[in-house]
Amino acid sequence: MRNLFKTLIVVVLVFGLGFNFAFGAVNELGEKRGEHKGEEPPIEYWVEYLDPKGVTTAHDSGLTFYPDNGLAHSIAQDIPEKYFGNYTLYFSGDTMHFRIHIKNTGKRTYRNLLVLAQQELFNPDGGEGDAFGEPSLNQWDISQLDPGQEVILEGSVKITNVSSSGLDQTHLQILHWSSQNGQSIINGGGQILVDDSQAGIWCPVK
């Protein structure tokens, strides 16, 4: 009887560890795909940056800028390996235009959504960054988002007074919203459905 009890404990522990591993893998996959995570609602989203002026490549030595009209040049910067890759390039003085794609992949209808896109300075730790500058916040209202429906939101930000070249990020939040709240997303208010500090990454060049 004692051996049977020990066997049951081992089975329960192994099952629990397996469940935790599977749950962690799902969360990691959600983060990599830029989609919903954990218990957040089934809302897919992605950022499309329009009309770039070149490409910036992040690598183990830092950043290399490849403008469409100009010579390539590099800067040394400590970039975590998970960010290695290519990003859209813009110049100081440009207006960066972008689109936010949002799709309801679930079975329920969402009403009264507030969508905010805050441009921020790149945070290599993956979290929220400092504000890019003013004005750097775009916001939209979605009165209804039906199952399977996709909406495309257009936004822009003027790139002024870039002190140094480097990566920046688009912080996206999607909230259930009530007009009585009267607060911006950054300061809270409303039920947050999606909060992704790095929904997209782009690069302004001095």
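This text leads the reader through salt bridges, one buried residue and two uncommon backbone angles in a predicted model.

The salt bridges come first. Three of them are counted in this structure. One is formed by R99 with E48, and the closest N and O atoms of this pair are 3.4 Å apart. R99 belongs to strand β6, which covers residues 95-104, while E48 belongs to strand β1; the salt bridge therefore ties together parts of the chain that are 51 residues apart in sequence. R99 has a relative accessible area of 26% and is therefore classed as partly exposed. E48 falls into the partly exposed class as well, because its relative accessibility is 28%.

R99 also takes part in a salt bridge with E154, where the distance from N to O is 2.9 Å. E154 is located in strand β9 (residues 150-158) and R99 in strand β6, so this pair ties together parts that are 55 residues apart in sequence. How do the salt bridges of E48, R99 and E154 relate to one another? They share partners, and in this way the three residues are joined into one network. With a relative accessibility of 48%, E154 counts as partly exposed.

A further salt bridge lies between the side chains of D94 and K53, at 3.4 Å from N to O. This pair, too, links distant parts of the chain: D94 is in the loop between β5 (85-91) and β6, K53 is in the loop between β1 and β2, and 41 residues separate them. Is D94 buried or exposed? D94 counts as buried, because its relative accessibility is 15% and the limit for a buried residue is under 20%. K53, by contrast, is partly exposed, with a relative accessible area of 35%.

The next residue to consider is T64, which is placed in strand β3, a strand of residues 62-67. Its relative accessibility is 9%, so T64 counts as buried. Which residues does T64 touch, leaving aside those up to four places away in sequence? They are V55, T56, T57, H59, H73 and S74. Of these neighbours, H59 deserves separate mention: a polar contact of 2.7 Å joins the side chain of H59 to that of T64.

The last topic is the backbone angle phi. Most residues other than glycine have a negative phi. Against this background, two residues of the model may be examined in turn. D51 is not a glycine, yet its phi is positive, at about 50°. D51 is found in the loop between β1 (43-50) and β2 (54-59), and K53, described above, is in the loop between β1 and β2 as well. A relative accessibility of 62% places D51 among the exposed residues, because the exposed class begins over 50%.

N112 is the other residue with such an angle: its phi is positive, near 55°, although N112 is not a glycine. Where is N112 placed? N112 is in strand β7, which covers residues 110-121, whereas D51 is in a loop. At 47% relative accessibility, N112 counts as partly exposed.

How values were computed. Residues numbered from 1 in each chain as written. Predicted model: local features only at pLDDT ≥ 70, side-chain atom pairs only at ≥ 80, totals over all residues. Heavy atoms only, no water. Helix = DSSP H or I, 4+ residues; strand = E, 2+ residues; numbered from the N terminus. Buried < 20%, exposed > 50% of the residue type's maximum accessible area, 1.4 Å probe, protein only. Salt bridge = Lys/Arg side-chain N within 4 Å of Asp/Glu carboxyl O. Polar contact = N/O pair within 3.5 Å; in protein donor to acceptor, adjacent residues only side chain to side chain. Contact = heavy atoms within 4.5 Å.
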